Amino acid sequence: FHDLSPKFALSLDAGEALVMREHPHDLWLSALEVDGEVLLAFGLAGCPGHDAPLAAVALAEGHALVIAVLDAFLESARPEQTRMRHLLAAMPIEEFLQAVGRRLIGPLRRQACSHRALELPNPVGPGLPANALGVYQQSVAGRVAVGAAVPLGRLDASMLRAVAQLAAQWGDGTLRLTPWQSVLLPNVCGEHASTVMAGLHAAGLICNREQPLANIIACTGSAGCVKGLADTKTDAFKLAVLLEHHGLNLPVHLTACSRSCAAAHIAPMTLLATRAGHYDLYFRDTQQPGFGALRARDLTIEAVGALFAADSRSSTDD
Ligand code: SF4
């Protein structure tokens, strides 16, 4: 499968409560139980948080399904169609499913999962925040997992050492890295959860969604990517300080070029770098292509902070 684009993405979950279900993938698979039997529901060019599955296969046929989908994709896609969504824009999905079905021994079960989308109203399960911050009950009574986000996805050595010590002292010595750029310390006694959370906070991790950095994402930027026009990580830290100063907490995505590596989705607010320290600001608008409606051009981070503050004042005045 080396012919696949490096961005061709697969996701697989076992139906747990804490699962990344809102991130689009070329092929996604999600376990579900129907009449006592575990099946793998799947979809193409979408995500289980938003899309109903196309069909399901028996669990034992999951691997064969993945192979069949990838083979059918490589056989059907033209060179410029590097992602599943490109192919399905040109090829009826039923035709593609038939090509997949021909490669399988067992049937594609279309009826088994027709109600599946209704069963998944919340992408990460009822009552759970969207990026694994906080304390999660485990199935073992009295045990919890404690989660905290890594600021802009950069876990440095001193943070990692502190987190490891917390895991050794209060958990079972293991750490889980999540798809939300956060860490989870599992198997902590419930009564120690607040101690662990305080330790994570002291280590520099983000422990609640009220902190502006919990809602800001940034690509690698010019510090680590030749395509970057601006140092997005540094600018994002600056923006977080400004937002905190103004009492604001906004979902902002900083991207150092239009490739948008940090977000497969369109964020409510996008800062697209124009040159070092300068950005065009877009507000998400489903009627418009790309990042949405252009709000202002070539702003410094200070100007972005001032604009957000002015917008919030005027909406409060309204
Ligand atoms: S969005 Fe552009 S600048 Fe940022 S990491 Fe991706 S390619 Fe590099």
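Two strands count as paired if DSSP finds at least two bridges between them. On that basis, strands 5, 6, 8 and 7 make up, in that order, an open sheet with antiparallel pairing. The model is predicted. Its chain is assigned three domains: domain 1 (10–119), domain 2 (134–202) and domain 3 (212–317).

**Domains**

- The C-alpha centres of domain 2 and domain 3 are 29 Å apart.

**The four-stranded sheet**

- The order of this open sheet is 5-6-8-7.
- Its edges are strand 5 (134–137) and strand 7 (176–177), each of which pairs on one side only.
- Strand 5 and strand 6 (residues 143–149) run antiparallel and are joined by four bridges.
- Val135 has Val146 of strand 6 opposite it.
- Helix 5 (residues 193–202) lies across strand 5, strand 6 and strand 8 (182–189), and its direction is at about 20° to strand 6.

**Strands 1 and 2**

- In a regular strand, side chains alternate between the two faces of the sheet.
- Strand 1 (residues 10–13) shows this alternation: Ser11 and Asp13 point to one face and are buried, whereas Leu10 and Leu12 point to the other face and are not buried.
- Strand 1 runs parallel to strand 2 (residues 25–34), with four bridges joining them.
- Leu12, one of the side chains that are not buried, stands opposite Leu29 in strand 2.

**The five-stranded sheet**

- A second open sheet has the strand order 9-10-11-12-13, and its pairing is mixed.
- Strand 9 (216–218) and strand 13 (293–300) are the edge strands, each pairing on one side only.
- From one strand to the next, the twist averages 20°.
- Three bridges link strand 9 to strand 10 (residues 252–255) in the parallel sense.
- Ile217 has His253 in strand 10 as its bridge partner.
- Helix 6 (residues 232–245) packs on this sheet and touches strand 9, strand 10, strand 11 (269–275) and strand 12 (278–283).
- The direction of helix 6 makes about 165° with that of strand 9.

**Ligand surroundings**

- The residues around the ligand include four cysteines: Cys219, Cys225, Cys257 and Cys261.
- Also around the ligand are Thr220, Lys227, Gly228, Thr255, Ala256, Arg259 and Ser260.
- By class, this shell divides into five nonpolar, four polar and two charged residues.

Key. Residues are numbered from 1 along each chain as its sequence is written. This is a predicted model: local features need pLDDT of at least 70, side-chain atom pairs count only at pLDDT 80 or more; totals for chains, interfaces and linings use all residues. Side-chain values use heavy atoms; hydrogens and water are left out. Domain bounds come from an automatic or database domain assignment. A residue is near a molecule or strand if one of its heavy atoms lies within 4 Å of it. Ala, Val, Leu, Ile, Met, Phe, Trp, Tyr, Cys and Pro count as nonpolar, Asp, Glu, Lys and Arg as charged, and the others, Gly among them, as polar. Helices (H or I, at least four residues) and strands (E, at least two) are DSSP runs, numbered from the N terminus. Contact means heavy atoms within 4.5 Å. Axes are lines fitted to C-alpha atoms, for helices over the stretch in contact, and angles run from 0 to 180 degrees between N-to-C directions. Buried means under 20% relative accessible area, exposed over 50%, partly exposed in between (1.4 Å probe, protein chains only).
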